Amino acid sequence: VRAFGFTDDNFVRNPRHRELLQGLAQARASGLRFSLWVILDVEATCYAEDDSPRGEQTREFLRLCQAAGVAHVYIGLESTNDAVLQEARKGVNRDRATIHADAVADDADEARRRLVDRYRKAVRAWHSIGASVECGSILGFDADDRGAGRRAVEDLTAIDVDVASFFLLAPLPGSEDYARASRDGALLETDFNEYFQRSMLAHPRLSRAEVEGELETALRAMWS
C-alpha cells in the first residue's frame, strides 16, 4: 500500500492528531514510502497566515502534515453564498466577521468576497506544503438562484483549487433534510441511482430542469 487516507473532518481537533502525524512522519523517515490524502474542513488551515497563536498552531499542523506525507486534501466548501451555508447550518465554513457583524451579513456580495478570501487562504496553506486540493461545491439549495453554477466556477477559480467537484443537493435517507422533504412532498426522486445526477428536491424558484442546468453550466465552465 502506497497511499491511504483519513476521512475525518474533525481530525485537526482530535487531541491525538499530533501523535498520529508524528508517528507517520517517523515511519517515512525510516524509509517507508507512502502518501496520504485527508478530508478536512476550511478551519483546519484558513488561519495559517494569521500572526496569532492560532496561526502558529495551524502552521505547526501543516508542518506535521508535510512530514507525514499529506499529498492531497479534500475540502467541502459547499458554497460561497453565505445564505446557503446558513441554510445548510455549516457554520464552520462561514466567515467570522460576517457572523458577528449584522451590517456585513446583510451584504451578500461582501459576505461572498469574505468567504472567497477565507477559502483561498485555506487552499494556499495546503499548496505551501506541496499538497493538491480538491473542493466540493453543492448546487440546488433554496438560497441558490439562477447563475449559481457560473458563480461557483468563478469563485472556485479565484480560490485556486486544483480539482473541483460539483454535486446537486441530495437528501440521504435518515437525514433531517430527507425527512423534511418527505413530509413536505418536496422529494422529486426516490431512485437512489439518480442521486447527485438529477435534482432530488423541489426548488422554490427554479424548475427541476433549471437546477440541473446550473450543474451542467458549472461542469462545462470549469472543465472547458
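**Exercise 1. The nonpolar cores**

Task: state how many residues the largest nonpolar core has and which of them have the most contacts inside it.

Solution. The largest nonpolar core has 50 residues, and Phe61, Ile75, Leu77, Trp126, Cys135, Leu156 and Phe166 are those with the most contacts inside it. A nonpolar core is a set of buried Ala, Val, Leu, Ile, Met, Phe, Trp, Tyr and Cys residues joined through side-chain atoms within 4.5 Å. Buried means under 20% relative accessible area, exposed over 50%, and partly exposed in between (1.4 Å probe, protein chains only).

This is a predicted model: local features need pLDDT of at least 70, side-chain atom pairs count only at pLDDT 80 or more, and totals for chains, interfaces and linings use all residues. Residues are numbered from 1 along each chain as its sequence is written, and side-chain values use heavy atoms, with hydrogens and water left out.

Next, find where the core residues come from. In the core of 50 residues, helix H6 (residues 108-128) gives the largest share, 7 residues. Helices (H or I, at least four residues) and strands (E, at least two) are DSSP runs, numbered from the N terminus.

Then take one member, Leu156. Leaving aside neighbours within four places in sequence, Leu156 is in contact (heavy atoms within 4.5 Å) with Leu77, Cys135, Ser137, Val161, Ala164, Phe166 and Met222. Last, there is a second, separate core of 7 residues, which includes Ile138, Phe141, Ala181 and Ala186.

**Exercise 2. The cysteines**

Task: explain why Cys46 has no bond to Cys135.

Solution. Begin with the term: a disulfide is a pair of cysteine sulfur atoms within 2.5 Å. A search of the whole structure finds 0 disulfides. For Cys46, the closest cysteine sulfur is that of Cys135, and no bond forms because the two sulfurs are 12 Å apart, which is too far. Cys65 is in no disulfide either, with the nearest cysteine sulfur, that of Cys46, 14 Å away. As for burial, Cys46 counts as buried at 4% relative accessibility, and Cys65 is buried at 2%.

**Exercise 3. The two largest pockets**

Task: describe the lining of the largest pocket, then that of the second largest.

Solution. On a 1 Å grid over the protein atoms alone, a cavity is a set of points where a 1.4 Å probe fits but cannot get out; a pocket is an open set with protein on both sides within 12 Å along at least five of seven lines, and lining residues have an atom within 4 Å of a point. Grid points are joined across faces, edges and corners, and a volume is the space filled by probe spheres set on the points.

The largest pocket holds about 840 Å³ of space. Its lining has 32 residues, with Ala88, Phe141, Leu169, Ala170 and Asp177 nearest the centre. Strand S3 (70-78), helix H3 (82-88), strand S5 (163-168) and helix H8 (176-184) each give two or more lining residues, and H8 has the largest share, 5 residues.

The second largest pocket holds about 310 Å³. Of its 18 lining residues, Ser79, Thr80, Asn81, Arg112 and Arg151 lie nearest the centre. Here H7 supplies the largest share, 5 residues.

**Exercise 4. The cavities**

Task: find how many cavities of 30 Å³ or more the structure holds and what lines the largest.

Solution. There are 2 such cavities. The largest cavity, of about 40 Å³, is lined by Leu139, Gly140, Leu168, Leu169, Ser199, Met200, Leu201 and Val211.
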